[in-house]
Amino acid sequence: MTYRITGLDPAAFAPLSALDDAGLAARGVVRMTVTDKPGFPCRITLDDAEPGASVLLLNHVSIAAGPYAARHAIFVSAGPAEAAVYEDRVPPALDRRKLSLRAFDSDDLMVDALLVEPGAADGAIRRLFDNPAVRYIHAHNAVRGCFAAAVERA
């Protein structure tokens, strides 16, 4: 069994990079300068942004409809041209954090969930995918609750 974790598509956020702070504020987005690493996990690169870098803090819809519809704040870095892709391994921003892994079926209903410590996500993802009803998994940062990444069967 293999799995893939892919960062969010940078094209969805590219128009925001050109806006000034007032334009961002009108859309509910905040530009921030990274002060610490780790601390600002980019959902495009799936790693923490470097101190001094510029990131955007915005609201992201991870599940659009149904009883588990979800939206929360995320960080995205300005400038990545492509989303990161990790096959059969956990990206750095996820691997160093406590995660809530939420397994969903083809009807977008949660069928299982696990809370995992830093460094333990790989085994937990494989255990969740042992259930053939699991179509995808959403990883959330357990402490702040924000969406970290989607995990798909590869």
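1. A good place to enter this predicted model is the phenylalanine F75, which counts as buried because its relative accessibility is 14%, under the 20% that sets the limit for buried residues. Its aromatic partner is F40, whose relative accessible area of 9% means that F40 is buried as well. The ring centres of F40 and F75 lie 5.0 Å apart, and their planes stand at 55 degrees, so this pair is described as tilted. The two residues bring distant parts of the chain together, since F40 belongs to the loop between β2 (30-33) and β3 (54-63) while F75 sits in strand β4, 35 residues apart.

2. The structure holds 3 aromatic pairs, and another of them is formed by Y68 and F104, whose ring centres are 5.8 Å apart with planes at 75 degrees, so that the pair is edge-to-face. This pair, too, links distant parts of the chain, with Y68 in the loop between β3 and β4 and F104 in strand β6 (residues 99-104), 36 residues apart. The surroundings of the two rings can be set side by side: Y68 is partly exposed, with a relative accessible area of 33%, whereas F104 counts as buried at 3% relative accessibility. Y68 and F104 also belong, together with Y136, to one aromatic cluster.

3. Which residues lie closest to the centre of the largest pocket? They are G39, F75, N141, R144 and C146, out of the 15 residues that line the largest pocket, and the volume of this pocket is about 310 Å³. Strand β4 (residues 70-77) gives the largest share of the lining, with 4 residues. By residue type, the lining of the largest pocket divides into 8 nonpolar, 3 polar and 4 charged residues.

4. Enclosed space is a separate matter from the pocket, and a search of the whole structure finds 1 cavity of 30 Å³ or more. About 40 Å³ of space lies in this largest cavity, and its lining is made up of P41, C42, R43, L46, A93, L94, N141 and A148. Of these lining residues, 6 are nonpolar, 1 is polar and 1 is charged. N141 deserves a second look, as it is named among the residues closest to the centre of the largest pocket and also lines the largest cavity.

5. How many disulfides does a search of the whole structure find? The search finds 0 disulfides. The sulfur of C42 lies 12 Å from the closest cysteine sulfur, that of C146, which is too far for a bond. C146 is accordingly in no disulfide, with the sulfur of C42 as its nearest cysteine sulfur. Both cysteines can be placed by their accessibility: C42 counts as buried at 1%, and C146 is buried with a relative accessible area of 9%. C42 is one of the residues lining the largest cavity, while C146 is among those closest to the centre of the largest pocket.

6. Some features of the backbone should be checked by a reader new to the model, because most residues other than glycine have a negative phi, and most peptide bonds are trans. The peptide bond from K37 to P38 is cis, with omega near 0 degrees, and P38 is found in the loop between β2 and β3. L46 lies in that loop between β2 and β3 and has a positive phi of about 60 degrees although it is not a glycine. At 1% relative accessibility L46 counts as buried, and it is one of the residues lining the largest cavity. D108 likewise has a positive phi of about 60 degrees without being a glycine, but its place is in the loop between β6 and β7 (110-116), and at 26% relative accessibility D108 counts as partly exposed.

7. Two further residues complete the note. S100 lies in strand β6 and counts as buried at 14% relative accessibility, and a polar contact of 3.0 Å joins the side chains of S100 and R102. R127 lies in helix α4 (residues 121-129) and is exposed, with a relative accessible area of 52%. Although R127 and L114 are 13 residues apart in sequence, their C-alpha atoms are 9.6 Å apart in space.

Conventions
Residues numbered from 1 in each chain as written. Predicted model: local features only at pLDDT ≥ 70, side-chain atom pairs only at ≥ 80, totals over all residues. Heavy atoms only, no water. 1 Å grid on protein atoms, 1.4 Å probe; cavity = no way out; pocket = protein on both sides within 12 Å on 5 of 7 lines; lining within 4 Å. Points joined across faces, edges and corners; volume = space filled by probe spheres on them. Nonpolar A, V, L, I, M, F, W, Y, C, P; charged D, E, K, R; others polar. Phe/Tyr/Trp six-rings, centres within 6.5 Å; stacked < 30°, edge-to-face > 60°. Buried < 20%, exposed > 50% of the residue type's maximum accessible area, 1.4 Å probe, protein only. Disulfide = S-S within 2.5 Å. Polar contact = N/O pair within 3.5 Å; in protein donor to acceptor, adjacent residues only side chain to side chain.
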